[in-house]
Amino acid sequence: MNFHLSKNDYSPVDVKQWVYEALDTGNRKVEYKRPCVRVQYHRAGEGIYHVDLAIYSGNTYNWNNQTYLAKGFLGSAPENQIWEPADPHGLIDDFQRKFQNQDGHREQFRRVIRFLKRWKDVNFSANGNERPTGIAITACALNWFQVGTRYNIADRKHYYDDLTALKNLAGAILNQFGFGSQIGVRLPIPPKNDLFEKMSNKQMQNFKTKLAGLVSVHLRNAEEAPNAFLTCSALRRAFGNDFPLPQ
């Protein structure tokens, strides 16, 4: 959400509070996150999805023509309530330039990002910094995604294969873990911070272990399954029971 105001005129937490109060109605839960305001929607008492709303001070309203992101919690120390330089449109541009004029490649790229985000939502606690963020997954894909295809002997054509693409990306992320099972990936736009910096060494090790299990167990079992039903059953164990089974 891009507000038409200067960062010098309002506290970042005050602006986030405006958004919080405007959204805190109806069948949903609203909560502060340091870089955003999260809206969790429910059905029958169960969370079904959430939306993270980043709050920005628009660039044309700041003397240096810079956009800033509101960060901080209500009641946190003043040094932790900041307007951080940001470039949200730059990230969108980076995303759109990936496989420009190659619609099939781009659609697979987007699907694989959604698969990995779903996997991390199912397999990690939402509390604290245990699970990687969605933006970290996206940055990994921007860096290391490779198109996955399979060759059909019958018609001698290559077809998109999302399972192969997902396995390739998960394997590429695993290869980034260095000494002590640590990983770092930077945001490609300002402030270019390490998107895994808030995860502890133990949390990074847990991420690595679960990612290795995704590749060596779930995706491998799906690849080797003799029919579509068993393939989807293997993927259910990675992506949750709402992953569809063939009729």
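This passage walks through the fold of one protein chain, from its overall make-up to its hairpins, a helix pair and a few buried residues.

The model described here is predicted. The protein chain contains 7 helices and 9 strands, and its C-alpha trace extends over about 65 × 40 × 40 Å along the principal axes. Of its 247 residues, 39% count as buried. Contacts across the sequence are also worth a look: among those with a separation of 6 or more, 50% join residues 24 or more positions apart.

A good place to start is the run of strands β2, β3 and β4. Strand β2 covers residues 28–33 and strand β3 covers residues 36–43, and the two pair in the antiparallel sense over 6 bridges. Between β2 and β3 lie 2 residues, and the two strands form a hairpin. Within this pairing, K29 stands opposite Q40 of β3. Strand β3 is then paired with strand β4 (residues 46–53), again in the antiparallel sense, this time over 7 bridges. Here Y41 has Y49 of β4 as its bridge partner. The hairpin of β3 and β4 likewise has 2 residues between the strands, and A44 in this hairpin adopts a positive phi near 55 degrees. Strand β3 therefore takes part in both pairings, with β2 and with β4, a point to keep in mind when following the chain through this region. For readers tracing side chains here, it helps to recall that in a regular strand the side chains alternate between the two faces of the sheet.

Further along the chain, another hairpin is built from strand β8 (residues 149–152) and strand β9 (residues 157–160), which pair in the antiparallel sense over 4 bridges. N152 is matched with K157 of β9 as its bridge partner. This hairpin has 4 residues between its strands, and R156 takes a positive phi near 55 degrees.

Helices α4 and α5 come next. Helix α4 spans residues 134–144 and helix α5 spans residues 162–174; they pack at an angle of about 100 degrees, with their axes 10 Å apart. Angles of 65 to 115 degrees count as roughly perpendicular, so α4 and α5 are roughly perpendicular to each other. From α4, the residues C140, A141 and W144 meet L169, A172 and I173 of α5. Sorted by class, this contact of α4 with α5 comprises 6 nonpolar residues, with no polar and no charged ones.

The cysteines call for a short comment. A search of the whole structure finds 0 disulfides. C36 is in no disulfide, and the nearest cysteine sulfur, which belongs to C140, is 19 Å away. A disulfide is a pair of cysteine sulfur atoms within 2.5 Å. C36 is buried, with a relative accessible area of 7%, and C232 is buried too, at a relative accessible area of 17%.

Finally, S6 offers a small polar case towards the start of the chain. S6 sits in the loop between β1 (2–3) and α1 (12–23). Is this loop residue buried or exposed? With a relative accessible area of 13%, S6 is buried, because buried means under 20%. Leaving aside residues up to four places away in sequence, S6 touches S57, Y61 and N62.

Note on methods
Residues numbered from 1 in each chain as written. Predicted model: local features only at pLDDT ≥ 70, side-chain atom pairs only at ≥ 80, totals over all residues. Heavy atoms only, no water. Pairing = 2+ DSSP bridges. Axes fitted to C-alpha atoms, helices over the stretch in contact; angles between N-to-C directions. Parallel < 35°, antiparallel > 145°, perpendicular 65-115°, else oblique. Contact = heavy atoms within 4.5 Å. Nonpolar A, V, L, I, M, F, W, Y, C, P; charged D, E, K, R; others polar. Buried < 20%, exposed > 50% of the residue type's maximum accessible area, 1.4 Å probe, protein only.
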